[in-house]
Amino acid sequence: MITGRCLCGFVTYTYDGVIGLAGYCHCQDCRRRSGSAFGISVKLDKEGFQIAHGRLKGYTKQGDSGTELTRHFCPECGSPIFTSSPRHPLHLYVQAGTLDDPGIVRPIHQAWKSSAVAWSTIDPQLATFTKGRV
Ligand SMILES: [Zn+2]
Ligand SMILES: [Zn+2]
């Protein structure tokens, strides 16, 4: 059984099913909703996904692709949990970073590279700290 949760722990979920394709998305909407350089989501079967605790709030907007997307997030701490679309009724696109074991995700593509910001790739020359910066 796969599990995940938001930052504050109000929303927890379980998943029993196949781990689908995962990918980076550099579109403007993913940048804004994540507050970071890009989003990383993993495609899961809606059928095997269950909210175990809490509830989600949704925000619906037409994406850059023209598809209507609903972004579901924790109403308490704001963590994005998954994206759904009426165009893909059998699947959810879960934010990979909310998984308790994010190591199970293997991104295989990057979409909307034309919108990518220069800092979406971490320069290996940057000063690096194993833990917090001192
Ligand atoms: Zn939360
Ligand atoms: Zn996107």
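**Figure 1. Strands β6 and β7 run antiparallel.** Strand β6 (residues 57-62) and β7 pair in the antiparallel sense, with 6 bridges between them. Keep in mind that this is a predicted model. One rung of the ladder joins Gly-58 to His-72, its bridge partner in β7. The two strands make a hairpin with 5 residues between them, and Gly-66 in this hairpin takes a positive phi near 95°.

**Figure 2. His-72 and its surroundings.** His-72 belongs to strand β7, which covers residues 68-73. Is His-72 buried or exposed? His-72 counts as buried because 22 other C-beta atoms lie within 10 Å, and the cut-off for buried is 20 or more. Leaving out residues up to four places away in sequence, His-72 touches Leu-56, Gly-58, Ile-81, Phe-82 and Ser-84. Ile-104, on the other hand, sits 32 residues from His-72 along the chain, and their C-alpha atoms are separated by 22 Å.

**Figure 3. From β7 on to β8.** On to the next pair: β7 and strand β8 (residues 80-84) are antiparallel too, joined over 4 bridges. Here Phe-73 has Pro-80 in β8 as its bridge partner. These strands also form a hairpin, with 6 residues between them. Which residue in the turn has a positive phi? That's Gly-78, at about 85°.

**Figure 4. Where β8 meets β9.** Strands β8 and β9 run antiparallel and are joined by 2 bridges. Look for Phe-82, which stands opposite Val-94 in β9. Setting aside neighbours within four places in sequence, Val-94 is in contact with Ser-41, Val-42, Leu-44, Ile-81 and Phe-82.

**Figure 5. Inside the largest nonpolar core.** This core has 21 residues, and Ile-81 and Val-94 are the ones that touch the most other members. Five strands each supply at least two residues of the core: β2 (12-15), β3 (22-25), β4 (39-45), β8 and β9 (91-95). As a bit of background, nonpolar side chains tend to be buried together in soluble globular proteins.

**Figure 6. The seven-stranded sheet.** Step back a little and 7 strands line up as an open sheet, in the order β6-β7-β8-β9-β4-β3-β10, with mixed pairing. Which strands stand at the edges? They are β6 and β10 (107-111); each has a single partner strand, so one side of each has no neighbour in the sheet. Neighbouring strands here are turned against each other by 30° on average, ignoring direction.

**Figure 7. The three-stranded sheet.** Another open sheet holds 3 strands in the order β1-β2-β5, and its pairing is antiparallel. Its edge strands, β1 (2-5) and β5 (49-53), each pair on one side only. From one strand to the next, the twist averages 25°. Between β2 and β5 there are 4 bridges, and Thr-14 stands opposite Gln-50 in β5.

**Figure 8. The whole protein, for orientation.** The protein has 1 helix and 10 strands, and along the sequence they follow the pattern β-β-β-α-β-β-β-β-β-β-β. Taken along the principal axes, the C-alpha atoms fill a box of roughly 45 × 35 × 30 Å. The radius of gyration is 15 Å, which agrees with the value near 14 Å for a compact globule with 134 residues. Of those 134 residues, 23% count as buried. Among contacts between residues at least 6 apart in sequence, 60% join residues at least 24 apart.

Terms used. Residues numbered from 1 in each chain as written. Chains lettered and ligands numbered in written order. Predicted model: local features only at pLDDT ≥ 70, side-chain atom pairs only at ≥ 80, totals over all residues. Buried ≥ 20, exposed ≤ 12 C-beta atoms within 10 Å, placed from the backbone. Contact = placed C-beta atoms within 7 Å. Pairing = 2+ DSSP bridges. Core = buried A, V, L, I, M, F, W, Y, C linked by C-beta atoms within 7 Å. Axes fitted to C-alpha atoms, helices over the stretch in contact; angles between N-to-C directions. Rg over C-alpha atoms; globule rule 2.2 N^0.38 Å.
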